[in-house]
Amino acid sequence: MIEPDINKIITDKYDKEKTWQIGKVIMVSLIADQTKKNSENWYEMIIHVRVHDDEKDKELLDSLRIRIDIPNMYTRDKYKERNSDMKVTLITYEPWR
């Protein structure tokens, strides 16, 4: 579900499309911000990805922190509806060593 978004993030980082795979999911958190009039809920993830560098013929290890917004997360029909408005936002992108 989030692979196209991660692919775009990696492509933007390296200025061209790369072969990659998720190496490990480090953290998944559900965040509930109730400091606003209308509460906001989202998931935050840290994942490590293996990116293949064709020019140097080696793998790079990168760490991505992303935010995933799902508009119908707390609605009555959350298990019946598939909402295509899910949004993935990059928070940080760092080389991991």
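## The overall plan

The chain holds 1 helix and 4 strands. Both kinds of element are DSSP runs numbered from the N terminus, with helices (H or I) having at least four residues and strands (E) at least two. Reading along the sequence, you meet them in the pattern α-β-β-β-β.

What you are looking at is a predicted model, in which local features need pLDDT of at least 70 and side-chain atom pairs count only at pLDDT 80 or more, while totals for chains, interfaces and linings use all residues. Residues are numbered from 1 along each chain as its sequence is written, and side-chain values use heavy atoms, with hydrogens and water left out.

## The sheet

The strands build an open sheet of 4 strands in the order 1-2-3-4, with antiparallel pairing. Two strands pair if DSSP finds at least two bridges between them. Strand 1 (19-33) and strand 4 (87-95) stand at the edges with a single partner strand each, so one side of each has no neighbour in the sheet. On average, neighbouring strands here are turned by 20 degrees against each other, direction ignored. For such angles, axes are lines fitted to C-alpha atoms (for helices over the stretch in contact), and angles run from 0 to 180 degrees between N-to-C directions.

How many bridges link strand 1 and strand 2? The two strands pair in the antiparallel sense over 13 bridges, and a hairpin of 6 residues connects them. In this pair, isoleucine 31 stands opposite tryptophan 42 of strand 2.

## Strands 2 and 3

Strand 2 (residues 40-53) and strand 3 (residues 58-69) also run antiparallel, joined by 11 bridges. Across this pairing, histidine 48 stands opposite serine 63 in strand 3, and valine 51 stands opposite leucine 60 in strand 3.

A hairpin with 4 residues between the strands links strand 2 to strand 3, and its turn contains aspartate 57. Here is a general point to keep in mind as you follow a strand with your eye: in a regular strand the side chains alternate between the two faces of the sheet.

## The helix and its isoleucine

Helix 1 (residues 3-14) packs on the sheet and touches strand 1, strand 2, strand 3 and strand 4. The direction of helix 1 makes about 40 degrees with that of strand 4. Contact means heavy atoms within 4.5 Å.

Isoleucine 10 is a good residue to find in helix 1. Is isoleucine 10 buried or exposed? Isoleucine 10 counts as buried because its relative accessibility is 0%. The cut-offs are under 20% relative accessible area for buried, over 50% for exposed, and partly exposed in between (1.4 Å probe, protein chains only). Leaving out neighbours within four places in sequence, isoleucine 10 is in contact with Lys16, Lys18, Trp20, Val49, Val51 and Tyr93. Tyrosine 93 and isoleucine 10 are 83 residues apart in sequence, yet their C-alpha atoms are 9.0 Å apart in space.

## Side chains to look for

Aspartate 33 belongs to strand 1, and at 17% relative accessibility this residue counts as buried. The side chains of aspartate 33 and threonine 35 are joined by a polar contact of 2.6 Å. A polar contact is a pair of N or O atoms within 3.5 Å; within protein, one must be able to donate a hydrogen and the other to accept it, and residues adjacent in sequence count only if both atoms are side-chain atoms. Not counting residues up to four places away in sequence, aspartate 33 touches Ser39, Glu40 and Trp42.

Tryptophan 42 has another visitor: the charged end of arginine 67 sits over its ring, 3.7 Å from the centre. This label requires NZ of Lys or CZ of Arg to be within 6 Å of the ring centre and within 35 degrees of the ring normal.

## Two aspartates in loops

Aspartate 15 lies in the loop between helix 1 and strand 1. Its phi is positive, about 60 degrees, although the residue is not a glycine. Aspartate 15 is exposed, with a relative accessible area of 69%.

Aspartate 57, in the loop between strand 2 and strand 3, has a positive phi of about 50 degrees and is not a glycine either. At 61% relative accessibility, aspartate 57 counts as exposed.

## The whole chain

Across the 97 residues of the chain, buried residues make up 31%. Among contacts between residues at least 6 apart in sequence, 49% join residues at least 24 apart.
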